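Ready for a little practice in reading a fold? Keep the viewer open and try each task before looking at its solution.

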Amino acid sequence: MHPQLRAPIKLTLCVTNTCNLNCIHCYSDCTREPDPRELTTVEWKRFIDHLVENKVMQAFIEGGEPFFRSDFLEILEHCSRRMNLIVRTFANQITEELAERLKELKVGLVCVDLLGARPETHDAHVGTRGSFELGIKGARNLVAAGVPIYTLMILTRRNISELQEYVDLAHALGATKAAALRLYPLGRSKRRWDELSLSLPEMMQALQSVKVPEGFRFIHSWHPNDGNSCYQMSCVSPFGKSIGCPYLREYIDLGDVREKSFVDTWHDPLWTELRSGNVSDSCSQCHDTQGSVGGCRATAFAFHGRWDAPDPYCAQMNQGVDLQRLPQQLFWKKPWVQE
Ligand code: SF4
Ligand code: SF4
């Protein structure tokens, strides 16, 4: 069981649902034009003050594409020096000047998304020609300014053959590490699952065959490497909804932080239960070595429809789940409505 914290240690702020790209897998089904329901600048600042008062130590900021929001630097400035800051971006707007500004604002880490190691693969994945080159330039500007980066690649059928090249590219860019992330059945990826998803053996084989350059780190989000970390984190959507984790965005709504104290949503009975690590099946070895209990709740729920189910992205706990077939309930009802 995990400890129950008074407030999360880390919080993901999805500051906008807008973006300048058009990824085929986009979990947030983002748009170019801002949705008027998004939190305003003042509302984000008020919310950040509430986090600081409640001793939330780390903000992981993502979108959409955070830099596509016109007041993003103002929001970032409001967090600066009050919390540890991590920003996730496709980096295609990061000029030399902007990289310097991020350094001044004490952004501790920038996670740069790549969806392939080659321009044609990445650009096709993000639906925007030229974005690979701009993203690589942005990543280089960050490294040159002294802002640490690490790279992320969501593994799909379209880029799995470039996994090794991707790791080598991240190393050559000067990233501190490279990460491979599993694909989640959310937003557009859910609708294109047949085309993008991979079987568990295909993914495990690819991950295990990576040759990591000396002195470099390669991490990935397949259980058991990725424990259940819900207990220490939470997330707020661009629309002010407390949702626990970005990967739970279609399953959980703990309340609107404009109407309710965020800390109260943290103590919502469902989120308290999910954080507890009370699961039906968990691997004792993983528990002993890394305190992991049952793996990721988002994928467990997506494939089993139960909060206490085991994470099927683990060879030990897969229980015969075919990861290339999505349960129909993900399409025909709000999955958080449980019988
Ligand atoms: S996945 Fe991210 S970068 Fe891609 S379209 Fe969606 S919000 Fe934009
Ligand atoms: S739902 Fe999964 S990805 Fe989200 S915090 Fe929990 S374990 Fe991590």
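Two worked exercises on this model follow.

The model is predicted: local features need pLDDT of at least 70, side-chain atom pairs count only at pLDDT 80 or more, and totals for chains, interfaces and linings use all residues. Residues are numbered from 1 along each chain as its sequence is written, while chains are lettered from A and ligands numbered from 1 in the order in which they are written.

**Exercise 1.** Work out the strand order of the open sheet, then place β1 in it.

*Solution.* Begin with the terms: strands are DSSP runs of E with at least two residues, helices are runs of H or I with at least four, and both are numbered from the N terminus. Two strands pair if DSSP finds at least two bridges between them.

Step 1: the eight strands follow the order β7-β6-β5-β4-β3-β2-β1-β8, with parallel pairing. At the edges, β7 (218–220) and β8 (233–236) each pair on one side only.

Step 2: β1 pairs with β2 over five bridges, and K10 has Q58 as its partner there. Four bridges join β1 to β8, where K10 stands opposite M233.

Step 3: four of the five residues of β1 (residues 10–14) are buried (20 or more other C-beta atoms within 10 Å of their own, C-beta atoms being placed from the backbone), so the strand is largely enclosed by the rest of the structure.

**Exercise 2.** Which residues come nearest to ligand 2?

*Solution.* Step 1: count a residue as near if its C-beta atom, placed from the backbone, lies within 6 Å.

Step 2: of the 10 residues around ligand 2, the nearest are C230, C245, C296, R297 and A298.

Key. Buried ≥ 20, exposed ≤ 12 C-beta atoms within 10 Å, placed from the backbone.
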